[in-house]
Amino acid sequence: MSQDRGPRRPRRLEKYALISASATALSLTASGCVVVHGEREVLPSATRSEAAKALERFTSAYNAADKAYDASLDADHTAGALAAIDSARLKAGAANHPDGNPAHEPLELTDAKFTIPKKAGWPRWFVADTKANKGGTARWLLVFTRDGLEETWEAAYLTLVAPGKVPEFKTDQEGWAEAVPANSTDVSVPPAGLSKGYTTYLRDGGKSFADGVHTSSWRALREKRSIRPGLVTQYIDEPLTNGDYAPLALRTKDGGALVFFTSRHFEKQTAARGASVPTPNKDVLALTDGEIKQSLTMEFVSNQVVLDPADGQVSVLGRVQGLTSGKGE
């Protein structure tokens, strides 16, 4: 139904070229000039204090945006799947509550554990595993990324995982983690292929993904809902892999990988002649263009976190999905 949109916002390549140049260290010695290319060095993506500060700034911006229902207040602190989901939520909220969020409750993220990979080049990124005052007992996993030394850390992924399900990561003697390349072949599914693999699985089934709430159970639920008296529901699933939607993976202690990736999903409800599409709630209506006569097409962005083992089926640990737009016809 649509094409992969790539990055949420332009990446200002000229600025990055300057940042990359400024990151190159030039030292003069008695024997002459020695050039060290900072962008090629394998370095921790962030210091632990920088990671803590990024989480603090994100939380502050998120709360300000949620309280005012103003997406501009946290736009500089979100990217990728989280930005798509969060900005649509705030847009709907502003349409229905122009004076702000009457049910605002500040988000509190505590007991933060940071997993920071040591890597070369951009983007650099890290994972924050936190406890929250929302979402029950689930741990909140946020992935922060940035594309240059002078850029703001942005939260690109947010998933919720049951306690005890976050795996142990492979780390070096200093505690730095290992990033798994997108094209790595030492796991069951290369991280770059997970989005396409997942959307193909949702359509056709298969053995690549283990049974669970976000795999076999979701397929069964969609099949049950596809045909109801007077209403047909169709599903289309598309991978999202470019720019801010690129997958990010950490090596686990057992040799597998914990991978974050994004997908896009469409749900089209079409009423039979003489019937009508069920009236959507006011948040859906706020994001819907056109008049709902015989059909309603809803577009969702979803971000997943999975265990991709060295051998065996991929397990989906958590998934957060949000409506981003709708079209009535």
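Which residues of the largest nonpolar core touch the most other members? That is where this set of close-ups of a predicted model starts.

**View 1. The largest nonpolar core and its best-connected members.** Out of 20 residues here, the ones touching the most other members are F58, L109, F126, W140, L142 and F144. Four elements each put in at least two residues: helix α2 (48–68) and strands β6 (124–132), β7 (139–146) and β8 (154–161). The top contributor is α2, which gives five.

**View 2. W140 and its surroundings.** Skip the neighbours within four places in sequence, and W140 still has plenty to lean on. It is in contact with L107 and L109, then with A128, D129, T130 and A132, with K134 and G135, and finally with L158, T159 and L160.

**View 3. An open four-stranded sheet with α2 packed on it.** Read across, the strands run in the order β4-β6-β7-β8, and the pairing is antiparallel. The edges belong to β4 (109–115) and β8, each of which pairs on one side only. From one strand to the next, the twist averages 25°. Helix α2 packs on this sheet and touches β4, β6, β7 and β8, with its direction at about 140° to that of β4.

**View 4. The β6 and β7 pairing.** These two strands pair in the antiparallel sense, and eight bridges hold the register. Look for R124, which sits opposite R146 in β7. As a reminder, strands of a sheet pair through backbone hydrogen bonds, either parallel or antiparallel.

**View 5. Helix α3 (residues 80–96), end to end and under cover.** With 17 residues at 1.5 Å apiece, α3 should span 24 Å; the end C-alpha atoms are 25 Å apart, so the two figures agree. Its buried residues are G80, A81, L82, A83, A84, I85, D86, A88, L90, A92 and G93. What covers them includes α2 and β8, along with β13 (257–271), α6 (282–286), β15 (295–308) and β16 (315–328).

**View 6. R251, a buried arginine in strand β12.** Strand β12 covers residues 248–251, and R251 belongs to it. Is R251 buried or exposed? With a relative accessible area of 7%, under the 20% cut-off, it counts as buried. Its side chain makes a polar contact of 2.9 Å with that of D186. Beyond its neighbours within four places in sequence, R251 is in contact with F169, K170, E178, V180, S184, D186, V187, G256 and A257. P309 is 58 residues away along the chain, yet the C-alpha atoms of R251 and P309 are separated by 9.7 Å.

Methods. Residues are numbered from 1 along each chain as its sequence is written. This is a predicted model: local features need pLDDT of at least 70, side-chain atom pairs count only at pLDDT 80 or more; totals for chains, interfaces and linings use all residues. Side-chain values use heavy atoms; hydrogens and water are left out. A nonpolar core is a set of buried Ala, Val, Leu, Ile, Met, Phe, Trp, Tyr and Cys residues joined through side-chain atoms within 4.5 Å. Buried means under 20% relative accessible area, exposed over 50%, partly exposed in between (1.4 Å probe, protein chains only). Contact means heavy atoms within 4.5 Å. A polar contact is a pair of N or O atoms within 3.5 Å; within protein, one must be able to donate a hydrogen and the other to accept it, and residues adjacent in sequence count only if both atoms are side-chain atoms. The expected span of a helix is 1.5 Å times one less than its number of residues. Two strands pair if DSSP finds at least two bridges between them. Axes are lines fitted to C-alpha atoms, for helices over the stretch in contact, and angles run from 0 to 180 degrees between N-to-C directions.
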